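Get your viewer ready and keep the selection box handy. We'll hop from stop to stop, picking a residue or an element each time and looking at what is around it.

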Amino acid sequence: MKLSKFIACAAVCAFSLQASAVEPVIPRDDAMEKRIDQLLKTLTLEEKIGQMTELTLGVLDGPYDPAQRDNLTIPPAALERVIGQHKVGSILNVADIALTPEQWYEIVSQIQDYSMKTIGVPCIYGLDMNHGASYTLGATLFPQNINMGATFNRDLAHRGGEITAYETRASDVPWTYNPTVDLGRDPRWPRIWENYGEDAYLSAQMGSATVLGMQGPDPNRIDRFHIAANLKHFMGYGVPVSGKDRTHSSIGEQEMREKHFAPYLEAITNGKALSIMVNSTTNNGVPFHANARYLTQWLKDELNWDGLIVTDWADINNLYQREYVATDKKDAIRIAINAGIDMAMEPYDVDFCTLLKELVEEGEVSMSRIDDACARVLRMKMRLGLFEYPNTVYTDYPLFGSEEFAAASRLAAEESMVLLKNDNGILPIKSGTKILVTGPNANSMRSLNGGWTYTWQGQFTDAIADRYNTIYEALVNKYGAQNIIFEPGVKYLDYQWGGNFGPEDASGIPAAVEKAKDADIIVACIGETSYCETPGNINDLNLSINQTALVKRLAATGKPVVLILNEGRPRLINDIVPLADAIVDIMLPGNYGGDALADLLAGDANFSGRLPITYPKHSAGLITYDFKKGESSQTMSGAYNYDAVVDVQWLFGTGMSYTTFKYGNLRVNKPEFKAGDQLIFNVEVTNTGKVAGKESVLLFSSDVVASTSPDVRRLRQFEKIDLQPGETKTVSLKVPANDLAFVGYDEKWILEKGDFRIQVGDQVITVRATETKKWDTPNRN
């Protein structure tokens, strides 16, 4: 049997009986389901297929030209062709560059009015609001997800989701393609900064908190201040074999189930996410858009989840244009829809509608599959209240762009920055110190924000976000212009796209070295400029030669050097780490990143961020913290020196503070346990320093012996606490016993009898499972 035939067949027969025995993830609303059934009976086949179709705004012509911003009227003929004739139920994308809330309302309301008039069903508009309402001018932009992961603070993720939802609804948009919960486990990958880090548990917790913030407490009744979240990119996207965007992965089913599925599972079962976007590529040769096992069995049937699955950009076409599992577009549509796709992000062609109709008439796609997919689209629209209120008006959102929202973003930026080195207490920098601010990232809003900022690549951020402070401007405000010397030394060229990957202008290095003579300390801001997706692919993970040369020349002056790493992924800096007296990884902290960094460098705030990734030291030494024990080739002093490491620059979870913390008296309620038990670990944490500080208390487990080679350790719980000098708090960390299970050779979950080593800070205890138990269903506790 050909692969394409097998995949299609598998979707039709897969596991439909199992779903009825599983409690629905989102509670069933009988009145809503009755309403959906009645509406399905009135819709024609063309109208149902139209609901399954999503096109880009550019197909509607007029509003896509940024030169026509004063007249955003959509041509009636375009509305008639797309909505009147083809009944298209969803539109996405931005008009080249971010719009004001008023402009968004002007565009979306025209689409909604026409859709309600001609079909009686509202359209659903979607945008990539990836770190705040990032496609709306004047909105509050948050740090990118990699920073949010570094906070280890669920409350900040939840608040960020709430504010993003509020300001997205102020833009008359009810749906965002966020959060991204792929595991960023390959530092070469250009989208690592869009995710919460490399760890499955951290990503699951932060992603779920964001979804709850976006959607609110009741997924069946989302009010006009919340939106539908869309988890992406289901799944395994962050570990391409080549390290390049949208390329093949080779993940075993055990690892896929145990780690890569985990953030989606949590964000669905706890966060109640209403929709999911699918990975563009293939795993072990099977395209995700054709994988009935993942789309239908794992998501819909095993979880009894009634949400919506949407493709990524034109990805059905990839089944025949790139992956070659389909003969043509019609065949590709057949495979994808039968595998479980509910909505096709085409995004340019309405021929999807015609071809899918033919497939139904020919019996290649069942009417029941069409009804199911259409029902999922209608259900999300009803949950959002779009039938009653197709539009949301910006004047009803007085907190848009408010100081309250700005304070939340600034706090998130502050808690996300990671102090990696501070020799001889060089930080904080005292008032009155003469500071040379240098490096290509020192005076750049673009670098602070990264991609998905006002435009896809973020190339116009400096002009649009000029009212915010760059690092240089924030340091001027903090220390006074008389104490700040500025000379970038190196500048990015080719500034329109991925400027970090084109040439750099290093002609300013001699000037920076000369100006260092007048400084007491050097703050060198290095890293990357903005990029997104495929334009961010690189062939060399090392920091650029020019920036490395700048740091070496400055260090040779004998003045203390503080390195500020402003980057979307960890660029290799092993040769300059010894030259720096202090190192701060700020990643992509957003519009308030400069101000937050200035507060931290001055000691007006305290560092509390932890690395959400493993920072590599060598280009041939890429590894994650949860490696297999047999991979350890040498030991080094790592976070709490747990004596099972490889040679990396900094470990996952690394992060320093201006104060010190002491851990003690780690204990557990059940030293012996079995599956289904709740383990409660208590540990005392004391601030033994002289200043207040926040500490992320991380609990790791190590399976001492298992039937498959166990990971060296896994993060199982975390809590962030705030301690005054001398203060002690008892932190309670709850770990369901089932979380200590793993996926075995037979792809079943198994908790095996035996010992587990539990570590919190430098405290270690052993707990013991008294029996072995297996189960088939997802690890829902």
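Which residues does N546 touch, not counting residues up to four places away in sequence? Select N546 and show its surroundings: V490, E504, A506 and I509 are the ones it touches, once residues up to four places away in sequence are set aside. Keep in mind as you click around that this is a predicted model.

**Stop 1: around N546**

N546 belongs to helix α22, residues 545-555. With a relative accessible area of 25%, N546 is partly exposed. Now add D505 to the selection and draw a C-alpha to C-alpha distance: N546 and D505 come out 8.2 Å apart in space, while 41 residues separate them in sequence.

**Stop 2: a tryptophan in a loop**

Next, pick W452, which you'll find in the loop between α18 (445-449) and α19 (461-464). Is W452 buried or exposed? Its relative accessibility is 7%, so W452 counts as buried. Show its contacts, leaving aside neighbours within four places in sequence, and you get D128, N130, H131, S134, Y135, R191, W193, E194, C532 and E533. For another distance to draw, try G132: its C-alpha atom is separated from that of W452 by 9.9 Å, although the two residues are 320 apart along the chain.

**Stop 3: a parallel sheet**

Switch to cartoon for this one. Select β4, β3, β2, β1 and β10, in that order: these 5 strands make an open sheet with parallel pairing. At its edges stand β4 (175-176) and β10 (344-345); each has a single partner strand, so one side of each is left without a neighbour in the sheet.

Zoom in on β2 (residues 90-92) and β3 (residues 124-127), which pair in the parallel sense over 3 bridges. Two places to click: S90 stands opposite I124, and I91 has Y125 as its bridge partner in β3.

Stay with β3 and colour its residues by face. In a regular strand, side chains alternate between the two faces of the sheet. Here I124 and G126 are on one side, Y125 and L127 on the other, and all of them are buried, which leaves both faces of β3 covered.

**Stop 4: helix α15**

Select residues 351-361 to bring up α15; its buried residues are F352, C353, L355, L356, L359 and V360. What do the buried residues of α15 pack against? The partners are α4 (45-51), β1 (53-56), α13 (315-321), α14 (329-339), β10 and α16. So two strands you met at the previous stop, β1 and β10, turn up again as packing partners for α15. Before leaving, click G363, which follows α15 and has a positive phi, near 80 degrees.

**Stop 5: two helices crossing**

From α16 (residues 367-383), go to its pairing with α3 (residues 30-42): the helices pack at an angle of about 125 degrees, and their axes are 10 Å apart. That angle makes α3 oblique to α16. The crossing of α3 past α16 is right-handed.

Show side chains at the contact. From α3 come M32, E33, R35, I36, L39 and L40, and they meet D371, C374, A375, L378, R379, M382 and R383 of α16. Sorted by class, this contact has 8 nonpolar and 5 charged residues, and no polar ones.

**Stop 6: Q649**

Jump to Q649, in the loop between α23 (593-602) and β19 (661-668). At 11% relative accessibility, Q649 counts as buried. Apart from residues up to four places away in sequence, Q649 touches I573, N574, V577, Y615, P616 and K617.

**Stop 7: antiparallel pairings**

Select β22 (residues 693-703) together with β23: they run antiparallel and are joined by 9 bridges. One spot to label is K694, which stands opposite D722 in β23. Strand β23 (residues 714-723) is mostly covered, with 8 of its 10 residues buried.

Finish with β25, β26 and β29, 3 strands that form an open antiparallel sheet in that order. β25 (742-743) and β29 (773-775) are at the edges with a single partner strand each, so one side of each has no neighbour in the sheet. Between β26 (residues 749-751) and β29 there are 3 bridges, and I750 has K774 as its bridge partner in β29.

How values were computed: Residues are numbered from 1 along each chain as its sequence is written. This is a predicted model: local features need pLDDT of at least 70, side-chain atom pairs count only at pLDDT 80 or more; totals for chains, interfaces and linings use all residues. Side-chain values use heavy atoms; hydrogens and water are left out. Axes are lines fitted to C-alpha atoms, for helices over the stretch in contact, and angles run from 0 to 180 degrees between N-to-C directions. Helices (H or I, at least four residues) and strands (E, at least two) are DSSP runs, numbered from the N terminus. Angles under 35 degrees count as roughly parallel, over 145 as roughly antiparallel, 65 to 115 as roughly perpendicular and the rest as oblique. A crossing is left-handed if the near helix is turned anticlockwise from the far one by less than a right angle, and right-handed if clockwise. Contact means heavy atoms within 4.5 Å. Ala, Val, Leu, Ile, Met, Phe, Trp, Tyr, Cys and Pro count as nonpolar, Asp, Glu, Lys and Arg as charged, and the others, Gly among them, as polar. Two strands pair if DSSP finds at least two bridges between them. Buried means under 20% relative accessible area, exposed over 50%, partly exposed in between (1.4 Å probe, protein chains only).
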